[in-house]
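This briefing covers a ligand shell, a strand hairpin and some backbone angles. Please have the sequence and the model in view.

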Amino acid sequence: MKVAFKEISKQYKGKYALHNFSAELERGVYGLLGTNGAGKTTLINILVGILKSDKGQVLINDIDARKSGVQFLSHIGYLPQFPQFYKNFEVMDFLKYMCLLKEIPLQQGEKRAKELLEVVNLSSAARKKIGALSGGMRQRVGIAQAMLGDPDILILDEPTAGLDPQERIRFRNLITKFSENRIVLLATHIVSDIEFIANQVILLKDGQLLKQDTPQALMESLNGKVWHVIATDKTLDEKLKRLKISNMQRDQDNILLRVIDDEKPDEHAASVQANLEDVFLYYFGEGEQW
Ligand SMILES: Nc1ncnc2c1ncn2[C@@H]1O[C@H](COP(=O)(O)OP(=O)(O)OP(=O)(O)O)[C@@H](O)[C@H]1O
């Protein structure tokens, strides 16, 4: 499977939501990372055919997705950012209904639905009404329905919204397993959702592709730009005004600052290894106000 975005642009009222965006996806987990309003949902909506781009093409296995009609949708599983459910549906009935829409033979679909409820830890809720579930449980129903039919391309828009830490971990493991021989595109502004599972990270800023690379390479590109600086209560204000800070930790008398800077920010600053949060702050942070 291969998905290629070719110079996609989309404007709303004269303002670009996406501007000449190009990227290629082959198998693996792709983290689409950007701040609020970066254009992630717009890109996904164009990919799944909900939205038309003003310019550019989406190619799936080198075929224009729009020209291949609804047929290409059989390859796609999709969890929207704000999934809507019929609240009176029981969970299992909803999944069976989704099997019908996806043209999955019912017997096979029901078996898979049961397995998926198990993996998203919702077996005991199979006969509960969706309206009676918590937000995180509903989100997991959404994840299960997206995986029904074992699509070649799984697209998840902010999938961990409302999940507690344990369920986030379960979700990450599930995606890693599922991604074998498939494409998973996961849009988020939460770095930890993708830090450990993405094979590639796509950084999207103001509708434009900033970078596409492995998490490792992105972190290495920040070598010599992440520092530990020690502040005291007296010197803290001055440092907070002057420096781009990704973390602060108090340690008895001192405060350890994690600083992003192209130059050594302080005489005693020590260079440290970057993590993906540092990468995010380096490219997206406008200088925090404290
Ligand atoms: N229907 C619309 N009408 C007008 N402007 C829109 C519309 N949809 C999106 N936009 C604008 O397009 C830009 C990109 O929005 P988009 O929802 O794609 O961003 P996002 O990266 O998904 O953000 P978030 O993380 O907040 O969901 C934003 O400036 C947004 O205000």
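The points below are grouped by topic, after two notes on the model.

This is a predicted model, in which local features need pLDDT of at least 70, side-chain atom pairs count only at pLDDT 80 or more, and totals for chains, interfaces and linings use all residues. Residues are numbered from 1 along each chain as its sequence is written.

**Ligand shell**
- The ligand is surrounded by Tyr12, Ala17, Gly34, Asn36, Gly37, Ala38, Gly39, Lys40, Thr41, Thr42, Gln81 and His189; a residue is near the molecule if its C-beta atom, placed from the backbone, lies within 6 Å of it.
- Helix H1 (residues 40-47) contributes the most to this shell, three residues; helices (H or I, at least four residues) and strands (E, at least two) are DSSP runs, numbered from the N terminus.
- The shell has three nonpolar, eight polar and one charged residues, where Ala, Val, Leu, Ile, Met, Phe, Trp, Tyr, Cys and Pro count as nonpolar, Asp, Glu, Lys and Arg as charged, and the others, Gly among them, as polar.

**Hairpin of E1 and E2**
- Strands E1 (residues 3-12) and E2 (residues 15-25) run antiparallel and are joined by seven bridges; strands pair if DSSP finds at least two bridges between them.
- Phe5 stands opposite Ala23 in E2.
- Two residues lie between the strands of the hairpin, and Lys13 there has a positive phi near 50°.

**Positive phi in loops**
- Glu103, in the loop between helices H2 (91-101) and H3 (106-119), has a positive phi near 55°.
- Gln252, in the loop between strands E12 (244-251) and E13 (254-260), has a positive phi near 50°.
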